[in-house]
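I opened the model to look up a strand in one chain and a helix pair in another. My notes follow in the order in which I went through them.

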Amino acid sequence: MDNGPPLESGVSIISARHFGYRYRRQDPWVVQAIDLEMRAGDWLLIVGASGSGKTTLLRSFNGTVPQFYGGQVMGELWVAGHDPVTTPMRDLFQHVGVVFQDPAQQVFGATVARELAFGLESRNWSRARIDDQVEKVANIMGIAHLRDRVPQTLSGGEQQLVLLAAFLALEPKLLALDEPLAMLDVQSRQRVMLALRTLRASGTALAIIDHQLDAWADEDGGWSAPTGMSGASPAPANRTSQVVQLASGAIVRRGSYAEVVGALAGGDQDIVAGVRPPAVARWWRARFADQGSASPGDGALPGPDWQRSFQYPVGENQPPLTMFDAEARLRRGAPHSTRANSAAAQSQAEAGGSGAGPLPGAGQRHVGAVVVEWRAVVCTYAGGLVRSSARTGWFAPRPVDGAPALVVRGVTGAVRAGEVVAILGPNGAGKTTLLRTLNGLVRPIAGEVRILDQPVGNRPVAELARYVGYAAQRPEQMLFNPSVAREIAAGPRALGLLHATTEWRAELTTALGLDDLLEAAPFTLSFGQQRRVGIAAALAAHPRIVALDEPTAGLDAVGRAGLARIMQHLTARGIAVILVTHDAEFAAQTASRWLVMRAGEILADDTPDTIMARPDLLAAAAIEPDPAFLLDAQLARLLGRRPEGPVPDRSPWSAGGGSAPASNAEVNG
Amino acid sequence: MKSRRPPSQAHGAPQAGPSAGARLDPRAVLLAALLSIAALLTSGNGGSGPSDWWTIGLCFIACGVVLVARAGASLAHTLRALWFVFILAAAAGWFDSGPITDSRSVAHHVTAALFQVARLAGLTAIGAWLFALAPPEDLAEGLRRWAGGLLPGVPLRYTFVVGAGIRFVPRMGTLFADLRAAQEARGLRFTPFWRHAGAYLGLMVPLLREILRLSDQLAQALEARGFSATPRTLPDLPGWRWREWLIVLAAVAMLILALTLGRS
């Protein structure tokens, strides 16, 4: 390879000494006083709240900052022996790859094969050598079947794999990735994780930003190098993994995954400086530590009798960070619990039940009349002639790799007022298309969609906006008014509902925490604030039905908690909420019912717990079950019974110091 | 009941690019397209002669062939987007045929209108065919090599940007459709234009912002893979084989036929 021999552990990849950066001299430092060391094959996870400087730090590794943005730099930064401040990006790219957040905006080739070849062409390789390398990485990444496809038409997961393959082909010394798992289904996530392990095994150091800490809990070791990689070398034992937490651009905590994430999980808050501890740790604390003292002392867990029956070894008072650890600990506590089982069961019965089951404000939410109905709905991908002729198939888009032309195939279902329904399934399952039938953005070629007992038919989208509030994947994208207040009022004004919705808009802005920002220009707000303004604008006409498309994508822990509170606020007022998401944990916490889709069909329509209890269904629909559910099930197995009743911490309503869960009476009111 | 537009998600209708085996030299495709356009523009005159009927027939056959081939979805989408232009073309053909005097002149007017519509549809089909068989980057590289004799030293980066720019035109269209959908979903109306002209601010401001953001991200993504590096491996073009010659000869034959019919 042109960029040197296989990397040996011990070769410095990143060396930062008091490094800092700001976009303009008069601005505050976005990144400051960063001291960091990384060596070949090392792994770095960067965590922090939105706006903490993570992305800027990542961009500094390949010189995007400051070469694209200008600005001012402090201290020193060396990446693979080069100074990214002064070394042109056209030279740095051979050593450093940076994959930004949205893969769809980084693919530009005519075909996947040409996408993979682009970086190699920049290195002036011979055509034959490029072709060999492209074939090699395509096989390693499992995307050989995509090589003649147009990258822009691939799914998000496939695009992410193509991007990773494009950098894998370059065999960089450092690969930095910004939220590489966002918006991917389970299968795509697994493929991306495997690809990253492949890279690391070949000696590439990895720097990753992610809000989802759970996904990276196992990344402490090395992996054996795959065959066929010329730059691959066996993973040395001394490769290290570290996690750094950023706040206001500075590193406020660093250490191993166990140290940093353990410290985050060890507190008594669900969100620490914008970072949410792993779901396992939150579950554990909710189950045990929150029942009383956080320090068991003599090893006995506090809480009700049946929970107290579990016994930690002394010193294990930190919550577990992985499913494996949690299950092992539960098993260790099992003999004691088994002895106390009958007494515990009696105690629990007297206490009115305790354990896993429907969520506060979710499963027990009372619902009203049917407000949405899909009756044997069929939709296709494309529009115009293609769509109208889809019955005959004459001009239907030509299927590639067996992909279906019909994206929704005879879906029948209903949603009631005050209900939260989550639509889950793999990429391309037809979830978004089904959601868009509600407000006429997609019209079915067969079947019928009814809202509020009226057919959608050919009613204009703008008219349906009175009844259906739709927040697309990036609602902040549509902002255009000079102030937040005007932005939120734009929809009602166009619908002639400006005065009729005054009270509702005030309620909405309060619920979304926008009261202090009403006069601010939307473009000057942070990402999280813009997202909230976008959601408020989408819902400002006081709709009876709310449709949310991937609402948690790109949101940090605080944003997720806020979103959950908004959803609770809506359902408490009898509004039906339908969300499309890949985030099973969020869906389990907020939705009372799941519609599971695959290949345009509904595989299941049931409560989250019922669906998560069916591994075959989860596998078929590429859904990763909520860790809390798995641990509840494990706990129940160890106790020899099925727990019932509310779970203390699975509801996100209380996350981040938010408002308390609404009672059923409030919900029904 | 019909959908308004295709879903804009990246995982929309899957498309195959030209496979290595099926790739044609873009210069041949471009030359054939130019010859076909010349044939189309020189055949017939909208005067209800046999050549007009030949042109109409050939145009609709060409459209049909392209529609069922690889570029079908693209052409269908373009035809649908251009419906207003087709009406204008038909109107131009109709009013350009003079006053209506009898039933025969009505038929003449209809033929003239149909002729203009067919010619426009034929041009659209040729465009769809061109971009289906020759990716914009290949076209740009082909032009760069052709221009090499006249303008030696035209850097690849400029031709690449031209090619990538062409490729991103549909993405802009998708973005526009997305924004329009999002704004309509919250109650904004855009038709009729004269009543809702102000609402277009809600499209243009976000569109401009998103285009700037997208171009910025694309530039960063390109540089992250060494776009500015020199020297670099040039894109390979398949070169002229019998297939390329066949296509060009077919286009030449079509042009000759059109010229012959046009004189008759």
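Which residue is the bridge partner of A:Ala471 in β16(A)? I looked this up in the model, which is a predicted one, and found A:Leu548 in that place. The pairing behind this bridge is between β16(A) and strand β15 (residues 468–471) of chain A, and I noted that it is parallel, with four bridges.

I then turned to strand β17 (residues 576–580) of chain A, which runs parallel to β16(A) and is joined to it by five bridges; here A:Val546 has A:Val577 as its bridge partner in β17(A). Following the chain, I recorded that β16(A), helix α19 (residues 557–572) of chain A and β17(A) form a β-α-β unit that is right-handed.

Next I checked burial along β16(A), residues 545–549: five of the five residues are buried, so the strand is largely enclosed by the rest of the structure. Both of its faces are covered, with A:Ile545, A:Ala547 and A:Asp549 buried on one side, and A:Val546 and A:Leu548 buried on the other.

In chain B, I looked up the division into domain 1 (43–134 + 251–264) and domain 2 (135–233), whose C-alpha centres lie 30 Å apart.

My last entry concerns helix α2 (residues 50–68) of chain B and helix α5 (residues 103–133) of chain B, whose axes are 8 Å apart and which pack at an angle of about 35 degrees, in a left-handed crossing. Among the residues that meet there, I listed B:Ile56, B:Cys59 and B:Phe60 from α2(B), and B:Leu114, B:Phe115 and B:Trp129 from α5(B).

Methods
Residues numbered from 1 in each chain as written. Chains lettered and ligands numbered in written order. Predicted model: local features only at pLDDT ≥ 70, side-chain atom pairs only at ≥ 80, totals over all residues. Buried ≥ 20, exposed ≤ 12 C-beta atoms within 10 Å, placed from the backbone. Helix = DSSP H or I, 4+ residues; strand = E, 2+ residues; numbered from the N terminus. Pairing = 2+ DSSP bridges. Right-handed = clockwise from strand over helix to strand, strands pointing away. Domains from an automatic or database assignment. Axes fitted to C-alpha atoms, helices over the stretch in contact; angles between N-to-C directions. Left-handed = near helix turned anticlockwise from the far one by under 90°. Contact = placed C-beta atoms within 7 Å.
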